[in-house]
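Q: Please take one part of this model and look at it closely. Then work outward from there.

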Number of protein chains: 2
Amino acid sequence: MMMSASEALAAAQRVMARCDALAAISETTEGLTRVYLSPEHLRANACVGEWMQAAGMTVWQDEVGNICGRYEAAEAGAPALLLGSHLDTVRNAGRYDGMLGVLSAIETVQWLHEHQCRLPLAIEVIGFGDEEGTRFGITLLGSRGITGSWPQSWVTHPDGNGITVAQAMADVGITLLGSRGITGSWPQSWVTHPDGNGITVAQAMADVGLDSAQIGAAARRIEDIVGYLELHIEQGPCLEQEDLALGVVTAINGARRLHCRFTGEAGHAGTVPMTHRKDALAAAAEWMVFIEQTTREQDPQLVATVGTLSCAPGAVNVIPGEVSLSLDVRGPLDHPLETLLSTLLTQAGAIALRRGVQFTSNEFYRIGATACDSALQQALSHAVETVQGRSLSLPSGAGHDAIAIAERWPVGMLFVRNHRGISHHPAESVAVQDVAPALQAYLQAVTLIAGRS
Amino acid sequence: MMMSASEALAAAQRVMARCDALAAISETTEGLTRVYLSPEHLRANACVGEWMQAAGMTVWQDEVGNICGRYEAAEAGAPALLLGSHLDTVRNAGRYDGMLGVLSAIETVQWLHEHQCRLPLAIEVIGFGDEEGTRFGITLLGSRGITGSWPQSWVTHPDGNGITVAQAMADVGITLLGSRGITGSWPQSWVTHPDGNGITVAQAMADVGLDSAQIGAAARRIEDIVGYLELHIEQGPCLEQEDLALGVVTAINGARRLHCRFTGEAGHAGTVPMTHRKDALAAAAEWMVFIEQTTREQDPQLVATVGTLSCAPGAVNVIPGEVSLSLDVRGPLDHPLETLLSTLLTQAGAIALRRGVQFTSNEFYRIGATACDSALQQALSHAVETVQGRSLSLPSGAGHDAIAIAERWPVGMLFVRNHRGISHHPAESVAVQDVAPALQAYLQAVTLIAGRS
């Protein structure tokens with residue numbers, strides 16, 4: 001089934017207008033900020049629920065605050081293909097990250113509805129209430145409810161600084177809250193986890209009419225869902241460089257995050273000769289140069305970033321005695337990622353030894369690479385080829401709800417070009433000329449997958 | 001005139017005991033903190049004044065709170081050779097930085113007094129009330145009163161961040177407050193400069209019975225003083241490495257301090273390939289490696305330090321878009337220092353250009369190198385050779401009251417080994433076995449200079 005060019009353009013224009021409408025539902029008057037279980041979250045759910053209904057779906061808000069719609073199959077009660085993304089945002093966000101995927105999914109269903117087309121599988125669309133973790137700093141609450149695969153120990157496991165993973169994740173904003181409701185993996189302790197104002201998740205739920213005792217009811221039975229597709233902006237520059245509107249995700253990058261520390265000896269910046277220093281910052285600088293060079297040479301799909309660095313005592317006239325810095329390495333395959341990390345840490349130790357300083361590191365976050373399902377990739381690639389002549393397969397550098405869903409069901413992702421790869425920023429932008437073919441490809445892949453079953 | 005070994009040991013033991021006694025005069029019960037115009041400052045002055053009196057000196061506290069003693073010459077009213085150092089401390093300080101010089105000067109006079117020896121020149125001993133600038137963050141208030149050479153513009157000149165030099169100096173603790181009273185270079189604006197509690201210098205003076213209208217009266221006439229000697233701990237490791245107790249200072253290093261900034265482009269740590277990054281921290285790291293290597297290779301007497309570094313936005317999962325860092329370069333001669341600084345800044349520009357990022361720098365502090373007087377150096381070196389067999393000439397990496405005094409009178413400095421060069425820290429330590437020959441050499445140099453005239 002194929003959406004015509006004029007249908008696609010009209011639908012794309014509606015998607016863009018709806019992204020604008022949702023962007024106005026913000027806790028701030030300037031910029032866009034919409035967090036989990038806030039009044040704005042409920043207003044966005046209501047809005048999206050109406051659009052779902054208009055597209056022919058039965059609509060409900062589930063027990064963790066995800067907004068859900070079901071477009072029934074040819075035979076009522078059939079398993080569903082799940083389409084979705086998230087409706088929450090970081091602070092001062094762009095308007096496409098997450099929302100584009102939810103609204104595109106609704107357009108897919110709307111086209112089927114307008115063409116009175118029922119498939120062997122039901123299509124369900126979900127707008128997850130929290131992926132970004134902006135409010136509570138805990139993650140994947142939605143989808144892992146079913147699999148129970150989020151280890152409880154992560155939540156209370158302290159790092160070298162006594163910071164729990166939950167806190168560290170909050171610090172760095174790694175979170176996929178809404179999707180964990182679907183998989184049923186909310187540990188009980190999360191319910192009492194407070195936000196920045198000391199309000200717990202349980203209280204926040206009660207404030208919006210949800211009952212934290214019913215979280216388990218959000219969990220979906222494995223046999224009721226056959227797979228999950230997510231359309232998302234790329235949040236990177238690769239499609240733009242290839243001059244393509246669309247690409248198919250091969251894997252969501254695995255990541256390792258470490259707190260690292262060089263400990264040398266503070267000293268007077270005027271009196272200690274260069275040859276007698278144990279300058280922790282000079283050691284860190286040498287390592288950072290190595291990190292950049294080695295990662296660049298090793299594999300173009302690997303990235304390594306030192307995103308934070310602080311030095312103590314931190315005075316203009318004192319040689320730094322201690323430097324704390326973070327290391328974030330990512331890649332689509334776990335083995336090369338592990339090899340890179342090992343090379344970098346070995347070199348840090350060698351630099352420290354040669355300079356007579358200490359090096360320590362503490363891994364506080366690790367997530368394996370998430371492979372996308374090959375059958376879903378094939379369907380998406382076929383659809384993309386039909387629409388834009390050729391397809392591009394690429395890894396996703398950012399995390400998505402699909403990570404949680406993949407614990408239980410096959411997942412596939414369709415990427416849409418975004419300008420200069422700018423995301424999590426008001427300058428985030430997507431062209432309507434790219435959304436139109438994205439909707440054509442998405443519909444085609446959905447009907448291919450849901451028509452087959 | 002020569003102090004015998006047993007006399008020197010007894011005097012050195014008294015110096016050590018007096019350092020301990022002064023270390024107990026602190027605003028904190030743990031550690032040593034004694035700031036300008038505090039109750040502890042006045043108690044220390046009283047204590048030192050009594051010791052001066054017992055050593056045969058006429059004692060007074062001057063109009064800016066320096067404690068002064070005069071040991072009259074063979075003929076009353078003769079010009080004086082000034083000996084001194086400071087009695088104030090940084091926070092959580094060691095007990096020798098400053099105090100050792102004041103107490104050693106008193107021992108020199110005491111020996112002359114006990115041997116009923118009067119010289120052609122008077123000997124005056126001064127304990128400056130503020131060198132460290134811990135309280136007000138403004139500097140050299142004592143000695144520059146006479147010369148008026150402290151530019152008023154420095155006090156209000158803002159750096160790139162809108163921070164005035166006064167504030168910046170406070171931030172980094174560069175200060176020589178008491179000595180400016182002697183030279184009479186207090187600008188009027190300093191009187192109203194508040195401390196961290198909003199108390200101005202004028203108020204603080206009034207609180208301890210001093211009149212800020214009388215600051216000018218602290219200024220000494222040029223013809224009344226022939227020169228200035230200061231004994232001080234080295235605050236560096238050079239004497240220890242040479243296995244020598246004593247050394248003679250050739251110059252107090254000049255310094256340049258700059259706020260520097262690399263501005264690149266923040267980006268998602270997972271989605272931007274290594275080859276497409278404009279990572280401000282990676283640029284800074286490359287520059288820091290160059291700074292260390294080049295300074296080390298260029299001249300063993302030059303030092304360069306990056307003591308502070310902060311990166312924005314500063315999240316584990318975001319490529320740093322902006323890095324601010326400080327650069328502090330020092331050396332005993334202005335020309336090589338200027339050449340080094342120019343080389344470093346040129347390279348920063350080249351790194352920035354190649355990486356497509358911006359580099360800016362703003363010099364917020366500059367002090368020329370202060371040469372020690374050659375005749376005073378010769379007298380000190382001769383004395384040191386007599387006492388320890390050979391002398392070592394070395395620059396001072398740290399600033400001292402002598403910088404201010406040198407604007408108006410010849411200065412010389414005698415350095416005493418301190419363990420591992422640790423200073424501005426409770427672990428600061430000096431051996432009585434080093435203080436004894438220091439007192440012998442100091443007396444010999446003083447009598448050589450003051451006996452000659």
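A: Just after helix α3 of chain B comes B:Q116, with a positive phi near 45 degrees. This is a predicted model. The helix itself covers residues 99-114 of chain B. At 1.5 Å a residue, its 16 residues should span 22 Å, and the end C-alpha atoms are 22 Å apart, so the expected and computed spans agree. α3(B) is also mostly covered, with 14 of its 16 residues buried.

A strand in the other chain is covered too. In β5(A), residues 225-233, eight of nine residues are buried. Two strands pair with it. β3(A), residues 80-86, runs parallel to β5(A) and is joined to it by four bridges. Here A:A80 has A:I225 as its bridge partner. β16(A), residues 411-416, also runs parallel to β5(A), through six bridges. There A:L231 stands opposite A:L414.

Now the interface between the chains. In chain B, 53 residues contact 53 residues of chain A. Together the two chains bury about 4400 Å², and 61% of that lies on carbon and sulfur atoms. Polar pairing is present as well: 12 residue pairs are in polar contact, both residues at pLDDT 80 or more. Four salt bridges link the chains. One of the salt bridges joins the side chains of B:R355 and A:E292, at 2.8 Å from N to O. On the chain B side, elements giving two or more residues include α10 (238-242), α11 (280-298) and β12 (322-331). The largest share comes from α11(B), with nine residues.

Notes
Residues are numbered from 1 along each chain as its sequence is written. Chains are lettered from A and ligands numbered from 1 in the order in which they are written. This is a predicted model: local features need pLDDT of at least 70, side-chain atom pairs count only at pLDDT 80 or more; totals for chains, interfaces and linings use all residues. Side-chain values use heavy atoms; hydrogens and water are left out. The expected span of a helix is 1.5 Å times one less than its number of residues. Buried means under 20% relative accessible area, exposed over 50%, partly exposed in between (1.4 Å probe, protein chains only). Two strands pair if DSSP finds at least two bridges between them. Contact means heavy atoms within 4.5 Å. Buried area is the accessible area (1.4 Å probe) that two parts lose on being put together, summed over both. A polar contact is a pair of N or O atoms within 3.5 Å; within protein, one must be able to donate a hydrogen and the other to accept it, and residues adjacent in sequence count only if both atoms are side-chain atoms.
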